[in-house]
There are 2 protein chains.
Amino acid sequence: MNIREVARLAKVSTATVSRTINGSDKVTPETKERVQRAIEELKFYPNTWARALGSGRSRLYGLIISDITNPFFPELVKSFEDIAVQNGQEVLVANTNYDPARMEQCVSRMLQRKVDGVAIMTSEMDPRLITEFQDRDIPLVFLDTGTAQKLTSNIVVDYASGVDAAVEHIVGLGHTEIAFISGPMMLRSARVRREAFVACLERRGIGAGLMEEGNHQVDGGHGAMERLLSRKTRPTAVLASNDMTAIGALGAIHESGLRVPEDISIVGFDDIQISAFTQPALTTVRLSRDEIARVAFRALYGIRQEGSKGAEYGVPTSLVLRSSTGRVPRDTTGKMREDAGLVRA
Amino acid sequence: MNIREVARLAKVSTATVSRTINGSDKVTPETKERVQRAIEELKFYPNTWARALGSGRSRLYGLIISDITNPFFPELVKSFEDIAVQNGQEVLVANTNYDPARMEQCVSRMLQRKVDGVAIMTSEMDPRLITEFQDRDIPLVFLDTGTAQKLTSNIVVDYASGVDAAVEHIVGLGHTEIAFISGPMMLRSARVRREAFVACLERRGIGAGLMEEGNHQVDGGHGAMERLLSRKTRPTAVLASNDMTAIGALGAIHESGLRVPEDISIVGFDDIQISAFTQPALTTVRLSRDEIARVAFRALYGIRQEGSKGAEYGVPTSLVLRSSTGRVPRDTTGKMREDAGLVRA
DNA sequence: TGATTGTCCGTAAGCGTTTTCGCCAAAACA
DNA sequence: TGTTTTGGCGAAAACGCTTACGGACAATCA
């Protein structure tokens, strides 16, 4: 079943069939109609590869992420796919599993599939691989890591305003002992979030906050929170570098016999789906994956379509208030902790 | 950059280049070596579509799921991709968003991309669309919905044994008032799970359990649990049709002032990632997505590779014990509920 | 030594599209 | 009526690969 059979049935040339499929050029409505009927009658689906071979465009866009299993990504993937499909394009998703070797493999796969553009949403990225794309004039877009050039764009998330809103909220509730559980410091996005927090406290003249390092996973948040709880001065509010970390912290607090938000307030970051369903529901800084996906696709597709250039795109963050934050407890010393422990025992 | 340039540099014919790329046939090690060097020197990446056009095989497999945002799927996608890539194949993921129209679109996309096989992991599926694949001799594999035929396989999950293990566990803890929150009854998998539960109780001579219908989402579980709590005879243990439902139930119980597992035990189904991190961690029936993905890919790839036939594949379920289940409370009447409420008030 | 076999490799014909020309007929003009 | 313009369409050459076929050559056999 190919374009020739359609042409034969419609009594036109293959060129005309191709033209009506591509909706382009000048084809008489009647001819177009005739061809359409033939296509439907034969249940003809044009072979995308052959189309790509002929036209030099694959209508395929690569989306490289660290790990689809990380709750941050599914929404991103979904939104990206949605908008791509809306524009008649396809998406090739690839997981690097945080592994540089896999990343190299992903790049190779993209190159072989001759994608029309790649969105790179991982933190780790060998610059050598980037040039591999750029040498072939393949548009790129990065999330927070990269710089706008000819055909490559960069999305910069406004972490600062989100962190600022969170701190303002916390401070407004009377908290002064505020801690931060960061992500792994080797990640740029983790560093940026942390720096935003430090800068924010400084700006407000609040002493440097307590710091612990997590790993952007639940277990890291759990461990970091345990360390925070064992300090002489316990924080009354904790900001986490992402929601997974916050969930881990929630668990650690729960196990220690303290309550959220009565004893300690928690703020997350990202607003992943489950954050609305934890006990208590997590107050968090929302980073719209939908927005990121939209911008990323536009950056890639627009370059091809409208011949635009690589650019920087900002995406905002916003505070989502739920139940994990509350007024600072009157007694903020370690004493209360013992009480709480006794109550449970 | 194409195979011809490689051939020129290596001073061989394009056929020889093709042969060494495909690792096949008889090519002298020296020639092969020479070609390899040329490929690396030119950073040549063979054009997959042209390969597909020439060979009639795309090395692409479709994976149709309902919604990547549903926590059940990401692991499935990841495992499927992993094993596909290990075998030198690619995966095209498509979301139907539970929408028949989108499903039709997905099918069309798969057909245009000339995938070598499709794994259909959605519940809703128009039989008319299935034949679209079968007419073109494209291997198919279904999850729990479908029947083995020429080139189409079916994976059947052993829900019964999982439910059985859960009920045995619960009964072993002394519970006799056991409720079940089902999924939407229009879903086959939801019906099967429910039937397994009913049959299991019957087999054990325990009276028909309390039933509520959820929607496999958190809010459905929440609502269903509220209804269960307002009954005259409150259950002491609740099985949920999936983990999302169980998480909703957890929330509702928490809000009512009761505790899990002291007052009510909860068992989920699926063992999605977050279930290990809820408060308390969820006892649940594990359904290995990894296993499903592995079997599904084999079913598709094996048919092509070893010329096998469509078949039925079973995958087991197993009980994961965590903290949401405990011994039946001594006083199981509504009285305790008031107490608990008072304590909280 | 001539015939036979087998190995390695090149030639060239596809695969299913797109797209550049250029042709033809009809419309517009003189 | 003859000439130019135009719009719709067909012929055919790509696109980059795979693969059937066959040729050249060396090794083996009678």
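## Exercises on the A–B interface

In this predicted model, 22 residue pairs, both at pLDDT 80 or more, are in polar contact across the interface of chain A and chain B (a pair of N or O atoms within 3.5 Å, one able to donate a hydrogen and the other to accept it, with residues adjacent in sequence counting only if both atoms are side-chain atoms). Local features need pLDDT of at least 70, while totals for interfaces use all residues.

**Exercise 1.** Find which elements of chain A supply at least two residues each to the side that touches chain B.

*Solution.* Start with the helices: helix 4 (48-55), helix 5 (73-86), helix 6 (100-112) and helix 11 (243-256) each do so. Then add strand 2 (90-95). Helices (H or I, at least four residues) and strands (E, at least two) are DSSP runs, numbered from the N terminus. Next, sort that side by residue type: 21 nonpolar, 13 polar and 15 charged, where Ala, Val, Leu, Ile, Met, Phe, Trp, Tyr, Cys and Pro count as nonpolar, Asp, Glu, Lys and Arg as charged, and the others as polar.

**Exercise 2.** How many salt bridges join chain A and chain B?

*Solution.* Apply the rule: a side-chain nitrogen of Lys or Arg within 4 Å of a carboxyl oxygen of Asp or Glu. The count is 14. One of them pairs B:Arg102 with A:Asp82, at 3.1 Å from N to O.

**Exercise 3.** What relation links chain A to chain B?

*Solution.* Superpose the C-alpha atoms of residues with pLDDT of at least 70 in both copies, by least squares. A turn of 180 degrees and a shift of 0.1 Å along the axis lay chain A on chain B with an RMSD of 0.1 Å. That is the relation of a two-fold axis.

Definitions and conventions
Residues are numbered from 1 along each chain as its sequence is written. Chains are lettered from A and ligands numbered from 1 in the order in which they are written. Side-chain values use heavy atoms; hydrogens and water are left out.
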